[in-house]
Amino acid sequence: MKAIQFRAFGGPEQLSLVDVDEPRPQPGQIAIDVRAAGVNFAEIMHRRGALGGDPIAVPGLEVAGVVAELGANVGRFALGEPVAAFSWSPGRSLNGYAERVVVDARLAISLRRPERVLSFEEGAGFPCAAVTAYQLLADVARIRRGDTVLIQAAAGGVGTLAAQYAKALGAAKVIGVVGSAAKREAALNAGCDVVLLHQEFDNVVGDHTDRAGVDIVLESLGGETLIRSLSVLKPMGRVAYFGNASASEAAKISAFDLWFGAKGVLGYTISGLAAKHPDRWYQAAEAAIRLVESGAVHLQPSSILPLSEARQAHELIEARKATGKIVLSVSR
C-alpha cells in the first residue's frame with residue numbers, strides 16, 4: 001500500500017510517497033481504509049524531530065474512512081462502516097498519511113450519525129482538531145455562558161473550529177489573534193467577533209473588553225506569547241496551553257504572579273490524554289460531534305490535496321500561508 005513517510009528528521013523535502021506493508025489489527029483494534037487524512041502542525045513538529053520518536057515514520061494524527069477489518073474483542077463497529085479516528089499511539093511508526101491504518105477502536109467514532117452521515121472530508125478534521133478545540137473549552141478551561149474567549153492562531157485548523165465551539169458553548173465574545181492581516185477574513189468567517197494582529201493583541205485587547213480582559217485564552221504558540229496571553233486575563237481567568245508552535249524555550253511563569261493575579265495556566269495534549277485515557281477522548285468526541293450534527297459547528301476543510309502532495313501541505317502550513325483545515329484525499 002502507499003503511504004507518506006519521512007526517513008530522517010528535517011524539512012518538508014523529507015516526505016516521500018513509498019510502498020509499505022499493510023498493517024493488521026491486533027485485539028481491540030480496527031483497520032481503516034483511509035479516504036481522507038487531516039494535516040496538523042503537530043505533524044510538522046513530528047517531522048522536524050521536536051516530538052522525538054522514530055526518525056523513520058509515517059506522520060498523521062487523524063483519518064476518516066471505512067472499517068476494513070476488526071481485531072478480536074471489537075464490537076462497536078461493522079465492516080464497511082464510515083468512521084473517523086485518532087490515529088496516533090505511543091511507539092507506533094505507522095500513522096495517518098496512508099491508504100490503510102490500524103487504530104485503537106476506542107479512539108474511533110462513527111460518521112453515520114442519527115441526523116446525517118458526515119463526509120470523509122469533514123471527518124478527517126474531527127478526531128484531532130475538533131476534539132482538541134472542544135476539550136480545551138469544555139473540559140480544560142471549563143467555559144461558562146457569557147465568557148470572553150481569546151484564541152491564538154485563530155485562522156488555523158484548531159483555531160477556526162475553536163471559534164465555532166466557543167460560540168456553541170455560550171461565549172459572549174470571541175477574539176481571534178492572527179499573524180498577518182491576510183488571515184483576518186478566515187478568522188472572522190469562523191465566527192470571531194474581533195480579530196487582532198499578534199504583534200499588538202496584548203496592547204489593544206482592552207479596547208474590546210471594556211478594559212476588563214478575557215476569561216479564557218487558548219494558547220498554542222508558547223514562549224513569550226504565553227506570558228503576553230497571561231497578561232490579558234481577568235482575575236480568575238484561565239489559559240489553556242496546548243502547544244509550542246514557536247519552538248521557543250518554555251516560558252518562565254512565576255507561581256507568585258499566578259497566586260497574586262488569581263490566574264491559572266492549564267496544560268493539555270490530546271496525544272497524551274488519548275493514549276492514557278481513551279474513554280475521555282471518546283466522551284469528548286461524542287459531545288463535539290453532536291454540535292456538528294446540529295449545525296452549530298462546520299467541519300468543511302479549506303483545502304483538499306491528494307495524498308501525494310503531503311509535502312506541499314506541510315510547506316503551506318510551515319510558511320504560515322495556510323488558513324483553516326488542510327485535508328489529504330486518499331484513494332486506492
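**Group meeting: a walk through the model**

Let me start with helix α1. Its buried residues are F41, E43, I44, M45, H46 and R47. Keep in mind that this is a predicted model. The helix spans residues 41-48, and 6 of its 8 residues are buried, so I call α1 mostly covered.

What do those buried residues pack against? Three strands and a helix: β1 (2-6), β2 (15-19), β3 (29-39) and α11 (310-318). Right after α1 comes G49. The phi of G49 is positive, near 95°.

Stay in this area for a moment. Look at G11, in the loop between β1 and β2. Is G11 buried or exposed? G11 counts as buried, because its relative accessibility is 16% and the cut-off for buried is under 20%. Now find I44, one of the buried residues of α1. G11 and I44 are 33 residues apart along the chain. Their C-alpha atoms are separated by 8.5 Å.

Back to β3, one of the strands that α1 packs against. Strand β3 is joined to β6 by 5 bridges. The two run antiparallel. One bridge to look at: I32 has V101 of β6 as its partner. Strand β6 covers residues 100-104. It is mostly covered too, with 4 of 5 residues buried.

Next, the parallel sheet. It is open and has 6 strands. In which order do they come? The order is β10-β9-β8-β11-β12-β13. The edges are β10 (194-197) and β13 (264-267). Each has a single partner strand, so one side of each is left without a neighbour in the sheet. On average, neighbouring strands here are turned by 20° against each other, direction ignored.

Zoom in on the β10 end. Strand β9, residues 173-178, is joined to β10 by 4 bridges. These two run parallel. Take G176: its bridge partner in β10 is V195. Then there is helix α4, residues 157-168, which packs on this sheet. Helix α4 touches β8 (148-152), β9 and β11 (214-219). Its direction makes about 170° with that of β8.

A general reminder while you have the sheet on screen. In a regular strand, side chains alternate between the two faces of the sheet.

Last topic: aromatics. The structure holds 6 aromatic pairs. I will show two of them.

The pair of F256 and W259 is tilted. The centres are 5.6 Å apart, with 40° between the planes. Where do these residues lie? Both are in helix α8, residues 255-261. They are 3 residues apart, about one turn of the helix. Both F256 and W259 are exposed. Add F260, and you have one aromatic cluster with F256 and W259.

The other pair is W281 and Y282. The ring centres are 6.5 Å apart and the planes sit at 45°, so this pair is tilted as well. How do these two residues count for burial? W281 is at 0% relative accessibility, so W281 counts as buried. Y282 is at 22%, so Y282 counts as partly exposed. The cut-off for buried is under 20%, which is why Y282 does not make it.

Y282 has one further contact to show. R76 lies over the face of the Y282 ring, 4.0 Å from the ring centre.

That is the tour. Questions, please.

Technical notes:
Residues numbered from 1 in each chain as written. Predicted model: local features only at pLDDT ≥ 70, side-chain atom pairs only at ≥ 80, totals over all residues. Heavy atoms only, no water. Buried < 20%, exposed > 50% of the residue type's maximum accessible area, 1.4 Å probe, protein only. Contact = heavy atoms within 4.5 Å. Pairing = 2+ DSSP bridges. Axes fitted to C-alpha atoms, helices over the stretch in contact; angles between N-to-C directions. Phe/Tyr/Trp six-rings, centres within 6.5 Å; stacked < 30°, edge-to-face > 60°. Lys NZ or Arg CZ within 6 Å of the ring centre and 35° of its normal.
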